[in-house]
Every structure is written in structure tokens, then in C-alpha cells.
Amino acid sequence: MTSGALSRRFAGRGGIGLTADVWGEASSPPLLLLHGGGQTRHAWDRTGPHLAALGWQVIAPDLRGHGTSEWSADGDYDLDLFADDVRALVAALGGRPVIVGASLGGLSALLAAGEPPRAAVRALVLVDVAHRPDGRGVRRIVEFMRGRPDGFASVGEAAAAVSAYLPHRPPPDDPETLRKNLRRHGDRWVWHWDPRILDCFEGRMDPPGRAERVLAAARRAAVPLLLVRGGISDVVREDVAEEFCSEVPLARRVDVAGAGHMVAGDRNDHFRDAIVPFLEGARYGTPG
């Protein structure tokens, strides 16, 4: 559990257990933070407390197969399962939460809000995810996730691998902070997600019809939507972000300069500055 957060357990589709960190007062409007594939709820460790201090109850779960949430018993990680988990989370929270979803979390939230049975949400923030990913960026992600299948000898070695993968991001002051994204496997450290996830993800990153499905869901969701693109993202091209916003009437976009695909991790202060005006507008019914 992150310092200052409470731990809460939710049930996703089929009763699968989802672990979440919660900041803020139960009486505050709910704000659901959904991480990307291959991450954990700790992707929001700097964002959650800040947003709670602005008057939100912030809930950051580990998606199924990630962190300390349960793994799919049959190894199935189809996108529809994640979307159903989001529906279950929204129903448990009530109060029409705002959802901020990065990559996989954003796609899951969009389908949950825009396809039946539609989850009752107030607004959506999509973090570096749109209807059509750039294949080059996707391949780079998969290559990194598939790399080092035997894990690492130390947390520091894992931190060095991350720094090599993200050369635009300053290395952490304390590599040990990465420990929360790792688990012990024998005498090695491995990433804290079910390795079978990649078997499901590969080949399904941009299947035929996905782009049209995502755009249709975004339109049917009929809620204010903010697309936050990393300014140097290799996953969401600028022209694709423009096309998404032109096709979705309630969507607008902001770029975070100097950030790649993992926007909140790359430039957290700038990311928060980009979303807070939108969140405040969503709270009071006038998203800016």
C-alpha cells in the first residue's frame, strides 16, 4: 500500500479480486485512475495524493493480472474482460466517477462507457491512447515487456533496464522505488504482472475493426473527453490524435511536451497541470 493511502478490495468480472489504493474522503466525488498494460497502481503514486488534496476520492486499482490483483485463472486477458472489470468498479463506486485511463486502462474505460451495458461515468481522460496505435511504438513496448524473461538479479538492475528503455526520462533518485513494480521469483526479481498477458496482447493491439469500434464507443459514451498525448509519444501519432478529436464531438486534446507514452511517469507535474482544469470542469459540469 502506498503511504497515505488506504487499501480496498473490489470484485471484477467473475468475482476476480482487484486491489486498489484509495486517497481522500469517501464523501468526495470519485475519480478512478486506471494504469496501462504492464504497469501497476503505483503508476499513480504521485498523482493520486495530489488529486485527493483537490477534493476527490481517488481510487487506483491494479488491473486484473497486474500487481496484487488476481490473475485470470485461464490466462485470458481479452480487452472485453478489462472493460467488464471497469463496469464493476464503476458500479461499486457509484456517484458517476470521472475516469483517467492510461493506454490499456483508457481503452478499457472507453469501451465500458460507450458499449452496452454502459458504465455511468461523468467524464473520461484518455492518456496517450486513441483509436489507432502506431505499430512501431507498440512493437517497442512488447519487445521491452518480453525482454529479460528470467528477471533481474536486483532492483537496481531492473531500474537500469527501464532507464535504457526510457532515455528521455531522468533516472530515479532512488532505484528502490521500482521495487513496488516487481515481485520475487526464486532468487530473481520479475515484473509484477502475469506473463500470459503478452500472449493475449500480441496480435490484438490493433486488430481489424478495432479503430472503428473505439471511435464508435467514444461517440456513444457522450461524455466530455480529454485526450492527453505525450508530446514525443511513439504510440499515438499527432495526426491520429487530431483525427480522434475530429471524429468525437465531445473530445478535445492536450499534448504534454517532453513526455512519451507513459505521460504521468515522464512529466508528472505537467501531466497534472494538463488534466486538473478538465477535472474541475467535470466536477462542476463545465469541462474546459
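Eight names make up the buried set of helix α7 in this predicted model: R210, A211, V214, L215, A216, A217, A218 and A221 are the residues tucked away from the surface. What do these buried residues pack against? Their partners are two helices that come earlier in the chain, α2 (79–93) and α3 (104–114), plus β9 (225–230) and α8 (238–247).

As for its shape, α7 covers residues 210–221, twelve in total. From the first C-alpha to the last, helix α7 reaches 16 Å, which is close to the 16 Å expected at 1.5 Å a residue. Right after the helix comes A222, and the phi of A222 is positive, near 55°.

Strand β9, one of the elements packed against α7, also has a strand partner. β9 pairs with β10 (residues 251–256) in the parallel sense, and six bridges join the two. Within this pairing, R229 sits opposite D255 of β10. To get from β9 to β10 the chain runs through α8, giving a β-α-β crossover that is right-handed. Helix α8 therefore turns up twice in this account: among the elements that the buried residues of α7 pack against, and as the link in the crossover.

Now for the cysteines. How many disulfides does the structure hold? The count is zero. A disulfide would be a covalent bond between the sulfur atoms of two cysteines. C200 has a relative accessible area of 7%, so C200 is buried, the cut-off being under 20%. C245 comes out at 17% relative accessibility, and because that is also under 20%, C245 counts as buried.

Notes: Residues numbered from 1 in each chain as written. Predicted model: local features only at pLDDT ≥ 70, side-chain atom pairs only at ≥ 80, totals over all residues. Heavy atoms only, no water. Helix = DSSP H or I, 4+ residues; strand = E, 2+ residues; numbered from the N terminus. Expected span 1.5 Å × (residues − 1). Buried < 20%, exposed > 50% of the residue type's maximum accessible area, 1.4 Å probe, protein only. Contact = heavy atoms within 4.5 Å. Disulfide = S-S within 2.5 Å. Pairing = 2+ DSSP bridges. Right-handed = clockwise from strand over helix to strand, strands pointing away.
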